[in-house]
Amino acid sequence: MRRTILMIAATALAVAACSGDDEPTTSDDGVRPSVVTTTTPPSTAMAATPEATTTTAAETTTSGAESTTTTTPEVVTTTTAASGGPLVLAAEPVADGFEQPVLVIAPPGDPRLFVVDQPGRIWVIDEGTVLPFLDIKSLVTFNNEQGLLGLAFHPDYAANGLFYIDYIDRDGNTRLVEYMVSTSDPNAADPDSGRELLRVDQPAANHNGGMIAFGPDGYLWFGLGDGGASDDRFGNGQRADTLLAAMLRIEVGPGAPEPYGIPPDNPYADGEDGAPEVWAIGLRNPWRWSFDDKLVYIGDVGQNEIEEISAASTNIAGLNYGWPIMEGRACFQSESCDQAGLVIPLLDYPHSDGCSITGGFVYRGKEMPELDGHYLYGDYCTGWVRSLKLANDGGASAETEWMPAGTFAGLTSFGVDSAGELYVTTQAGTVYKLVRG
Ligand SMILES: [Ca+2]
């Protein structure tokens, strides 16, 4: 395991036992403060001690039950003093008071931010105001890893108003649904426009994946976990004929067949040796992943020992990310551990150093050119943020720790705006922008 930069030794956190499969912890679901105005440097303001947890992240999250929160999230005003010298990253609170935000995203070229709140709401931040964009709480099961998990805007959203969400429904199964913006209000979705594209049965409550995004190929990619429990109990990891433990790739939007199309170059497009929707297999729980030009970076949550990041060309069909033959770069559930043909992670890390990877994005913003081309990622349990660059040999280079363990409590996701600047969401309900410290 190459770790050239460990500023915080493995000592950092006493994350006791980060098994993704134990009973999740319950956390506070009380009413949150709705307004936060701070002039304190964010690094201090947010220093929080992560709780020891037996939950894994994307094995995330909290409190089951219905939240009692009735407050409206609000924008946070912060003054950050930038320092000279080498780049230091700071987290600037952007808005607060969400229940459990799990993604920040924006349509191409759109200055607004859209925040996915796991209990079943999408908020839009427009010119300093947080507005309700869509509320589907009545359709969603919110509990730990279940909830509203993904949002993707059609690449031509400005013209067609189409966006896609996926969530765990009231029966505990995954649904992928297309919605459209209101014809009269750009800051509201049309709640009656939902058109279901896909439903996938979930044999257990965890490992739901949930990230969706449009690839450089114009298709909608959808990452699903192995169905849950532990040890790939349902045997989906290496199967191509199930939609679980897989990256799916489908054609949606204007002109696509109903309910969606199968790209002709999908590896099992004809349905003979696998499901037509399947693009890649061998994923355990691809909670957060992203594209950078013609590459896809996948943070795949490990079981009890190892977290991993893989990167692959978006042009290669039928890749196998290895689960459960391997966990990270280690042999897992295979006596021979034949790694031929498997995607080997470009980086992995043991649970002495974290417990659940939160995949992020390659930075392509303008505000911190030093970060250009660096892939930022974090760990849900320990709350650090690191980056790497994909080296020519397919491994990781320029590994850097930007924010130490303890920086975030419950780092549920990264986010990105239309200018390429990056964000972090936390389980406590705050959206931060990563800025020059
Ligand atoms: Ca793997």
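In this predicted model, four bridges connect strand β25, which spans residues 375-379, to strand β26, and the two strands run antiparallel. Within this pairing, Y377 is the residue that stands opposite R386 of β26. The hairpin made by β25 and β26 has five residues between its strands, and in that hairpin G383 adopts a positive phi near 75°.

Strand β26 also has a partner in strand β27, residues 396-403, with which it pairs in the antiparallel sense over five bridges. Here L390 has A396 of β27 as its bridge partner. The hairpin of β26 and β27 again contains five residues between the strands, and G394 is the residue there that takes a positive phi, near 90°. Is strand β26 mostly covered or mostly open? Of its six residues, 385-390, five are buried, so that the strand is mostly covered, a residue being counted as buried when 20 or more other C-beta atoms lie within 10 Å of its own.

**The chain as a whole**

The secondary structure of the chain amounts to two helices and 30 strands. The chain has 437 residues, of which 52% count as buried. If one takes the contacts between residues at least 6 apart in sequence, 61% of them join residues that are at least 24 apart.

**An open sheet and another strand pair**

As general background, the strands of a sheet pair through backbone hydrogen bonds, and they may do so in a parallel or an antiparallel way. In this model, four strands form an open sheet in the order β9-β10-β11-β12, with antiparallel pairing. Its edge strands are β9, residues 148-153, and β12, residues 189-200, each of which pairs on one side only. On average, and with direction ignored, neighbouring strands of this sheet are turned by 25° against each other. Within the sheet, strand β11, residues 174-181, is joined to β12 by seven bridges, and these two strands run antiparallel. One position in this pairing is T174, which stands opposite V200 in β12.

A further antiparallel pair consists of β5 and strand β6, residues 113-117, which are joined by four bridges. In this pair, I105 stands opposite F114 of β6. Strand β5, residues 101-105, is mostly covered, since five of its five residues are buried.

**The nonpolar core**

Which residues of the largest nonpolar core touch the most other members? This core has 117 residues, and the ones that touch the most other members are V115, L220, A246, L248 and Y423. Strand β10, residues 162-168, supplies the largest share of the core, namely six residues. For V115, leaving aside residues up to four places away in sequence, the touched residues are F98, P101, V104, I122, W123, I125 and V431.

**Backbone details in the loops**

Most residues other than glycine have a negative phi, and most peptide bonds are trans. Against this background, the table lists two residues other than glycine whose phi is positive.

| Residue | Phi | C-beta neighbours within 10 Å |
|---|---|---|
| A229 | near 55° | 14 |
| A245 | near 55° | 31 |

A229 has its place in the loop between β14, residues 220-224, and β15, and A245 is found in the loop between β14 and β15 as well. Are these two residues buried or partly exposed? A229 counts as partly exposed because it has 14 C-beta neighbours inside 10 Å, whereas A245 is buried because 31 other C-beta atoms lie within 10 Å.

Two peptide bonds with a cis arrangement can be described in a similar way. One of them joins E258 and P259, with omega about -10°, and P259 is found in the loop between β15, residues 246-250, and β16, residues 278-281. Another runs from W323 to P324, with omega near 0°, and P324 lies in the loop between β20, residues 319-320, and β21, residues 326-327.

A last loop residue to look at is N285, which is found between β16 and β17, residues 288-292. Because N285 has 30 C-beta neighbours inside 10 Å, it counts as buried. N285 and I298 are 13 residues apart in sequence, and their C-alpha atoms are 9.8 Å apart in space.

Definitions and conventions
Residues are numbered from 1 along each chain as its sequence is written. This is a predicted model: local features need pLDDT of at least 70, side-chain atom pairs count only at pLDDT 80 or more; totals for chains, interfaces and linings use all residues. A nonpolar core is a set of buried Ala, Val, Leu, Ile, Met, Phe, Trp, Tyr and Cys residues joined through C-beta atoms within 7 Å. A residue is buried if 20 or more other C-beta atoms lie within 10 Å of its own, exposed if 12 or fewer, and partly exposed in between; C-beta atoms are placed from the backbone. Two residues are in contact if their C-beta atoms, placed from the backbone, lie within 7 Å. Two strands pair if DSSP finds at least two bridges between them. Axes are lines fitted to C-alpha atoms, for helices over the stretch in contact, and angles run from 0 to 180 degrees between N-to-C directions.
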